[in-house]
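Thanks for making time this morning. I would like to walk you through one structure, and I will ask you to keep the sequence and the view open while I talk.

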Amino acid sequence: MTTAKACANIALVKYWGKRDATLNLPAAGSLSLTLDALTTTTRVEFDDALTSDALSINGSPADATRLTNWLDLVRARAGIRSRARVKSHNNFPTASGLASSASAYAALAVAASDAAGLTLNERELSVLARRGSGSAARSIFGGLVEMNPGEQADGSDAYASPLAFDAQWPLAMVVGVVGGGVAKKQSSRDAMQLCADTSPLYQGWLNSVPGDIAAAKRAIADRDLEALGSVAEASALAMHAAAIASRPTVMYWQAPTLGCMQAIRELRESGVPAFFTMDAGPHVKVLTEATHVPAVWAALAQIPGVSNVLTSGVGGPATIVADELLPAPVGEARVSG
Ligand code: PMV
């Protein structure tokens with residue numbers, strides 16, 4: 001039995017589109033910031049007495065179909081057949097475009113591989129996490145992280161790696177939660193496929209990614225928030241433009257999403273360096289530095305339809321933790337020992 005904890009990450013240069021849907025291979029690279037305030041803690045226990053995998057998320061039983069397919073990869077590699085009991089806890093809204101699948105599969109990769117008796121290095125963990133969710137490959141690492149799309153057909157070179165950056169750089173993210181963090185209607189997996197198949201802007205979007213990654217890496221090396229934030233905003237807008245142009249449309253934005261974007265632009269005009277990005281949900285994530293968090297928080301909190309504002313600093317890598325760190329759901333007594 002092993003428990004692991006992983007942080008969510010938010011892409012500053014987005015991943016949107018696959019070169020292989022089965023192996024979950026990205027069509028282009030991506031670049032992200034790992035967030036310390038949004039975490040998933042997951043306990044995996046293989047048990048010969050189980051006849052099927054059992055999953056609970058935040059204390060409620062959940063469908064384990066996708067998990068079972070992924071655990072089969074771990075079982076095959078470890079040469080075991082036992083089913084697993086998996087208990088997962090997110091400290092933030094699940095499946096709403098707040099990157100829960102990234103922290104979920106990163107925590108799972110660390111916990112399940114260890115519980116199955118495997119010793120994997122970070123690159124192997126990143127590849128394994130990627131099979132669950134493309135963005136999860138990045139959550140194996142802390143700080144600023146680059147996903148390498150790779151070229152191999154088997155995906156062995158499609159893994160993430162951490163980027164060197166000034167450890168004193170107090171990057172922060174402020175998240176305007178729109179619509180109460182309800183579960184999203186269209187999965188990023190389905191939406192990416194529809195976009196690739198039908199959007200006249202998909203190829204243009206893909207063509208924009210390598211230049212944006214190069215610009216983001218230059219900005220990181222120069223510790224230039226303005227340059228990094230500008231490329232992050234541009235990448236998010238290009239990804240959403242391609243998605244919106246899908247037929248039928250993939251439209252994650254809601255009215256408060258646009259309200260937040262406008263408020264951040266106005267904040268910037270008043271001299272506060274703050275840059276927005278959005279994923280497969282209506283929430284708006286704002287990149288800034290720690291000193292500007294109160295101003296960004298206030299700007300987002302006043303938008304009608306923003307139900308909550310979360311703030312986060314830079315997170316660390318996915319790690320094995322003491323089992324006691326898995327929060328006990330309300331009403332469930334913690335069994336110790
Ligand atoms: O990891 P997935 O398959 O849920 O895809 C993530 C897609 C975005 O969040 C929209 C972008 C990204 O790079 O995280």
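**Strands, ligand and ring pairs**

Let me begin in the middle of a sheet, where Thr40 stands opposite Asn90 in strand S7. Before I go further, please bear in mind that this is a predicted model, and that everything I say is computed from it.

Thr40 has a second partner as well, since Ala6 stands opposite Thr40 in S4. S4, which covers residues 30-47, is therefore a good place to stay for a moment, and you may ask how many of its 18 residues are buried. The count is 14 of 18, so that the strand is mostly covered, with buried taken as under 20% relative accessible area.

As for its neighbours, S4 pairs with S1 in the antiparallel sense over 11 bridges, and with S7, residues 83-90, through eight bridges, again antiparallel. Strand S8, residues 144-147, is joined to S4 by four bridges and also runs antiparallel to it; there, Ser30 is found opposite Met147.

Now please turn to strand S12, residues 284-289, where six of the six residues are buried. Val284, Val286 and Thr288 point one way from the strand, while Lys285, Leu287 and Glu289 point the other way, and all of them are buried, the charged side chains of Lys285 and Glu289 included.

Which strands flank S12? Strand S10, residues 171-178, is joined to S12 by six bridges in an antiparallel arrangement, with Leu171 having Glu289 as its bridge partner. Strand S11, residues 275-277, is joined to S12 by three bridges, also antiparallel, and here Phe275 stands opposite Leu287. The connection from S11 to S12 is a hairpin through six residues.

Next comes the ligand, which is surrounded by 14 residues, the closest being Tyr15, Ser133, Ser135, Arg138 and Ser188. By class, this shell consists of six nonpolar, five polar and three charged residues.

Which distances do we find between oxygen atoms of the ligand and polar atoms of the protein? For Ser135, a polar side-chain atom lies 2.5 Å from an oxygen atom of the ligand; for Arg138, an N or O atom in the side chain is 2.8 Å from a ligand oxygen; and for Gly134, a polar backbone atom is 3.4 Å from one. Taken alone, the ligand exposes 380 Å², and the protein buries 91% of that area.

Finally, the aromatic rings, where the structure holds two pairs. Trp16 and Tyr252 form an edge-to-face pair, with 6.4 Å from centre to centre and 90° between the planes. Trp16 sits in the loop between strand S1 (2-13) and strand S2 (18-20), and Tyr252 in the loop between helix H6 (225-244) and helix H7 (255-269), so this pair ties together parts that are 236 residues apart in sequence. Trp16 and Tyr252 are both buried.

Why is the pair of Trp70 and Tyr105 called edge-to-face? The ring centres are 5.6 Å apart and the planes stand at 70°, which is over the 60 degrees that this label requires, so the pair is edge-to-face. Trp70 belongs to helix H1, residues 65-78, and Tyr105 to helix H2, residues 100-115, so that the pair links distant parts of the chain, 35 residues apart. Trp70 and Tyr105, too, are both buried.

Methods:
Residues numbered from 1 in each chain as written. Predicted model: local features only at pLDDT ≥ 70, side-chain atom pairs only at ≥ 80, totals over all residues. Heavy atoms only, no water. Phe/Tyr/Trp six-rings, centres within 6.5 Å; stacked < 30°, edge-to-face > 60°. Helix = DSSP H or I, 4+ residues; strand = E, 2+ residues; numbered from the N terminus. Buried < 20%, exposed > 50% of the residue type's maximum accessible area, 1.4 Å probe, protein only. Pairing = 2+ DSSP bridges. Near = heavy atom within 4 Å. Polar contact = N/O pair within 3.5 Å; in protein donor to acceptor, adjacent residues only side chain to side chain. Areas by Shrake-Rupley, 256 points an atom, 1.4 Å probe, with all protein chains shown as cover.
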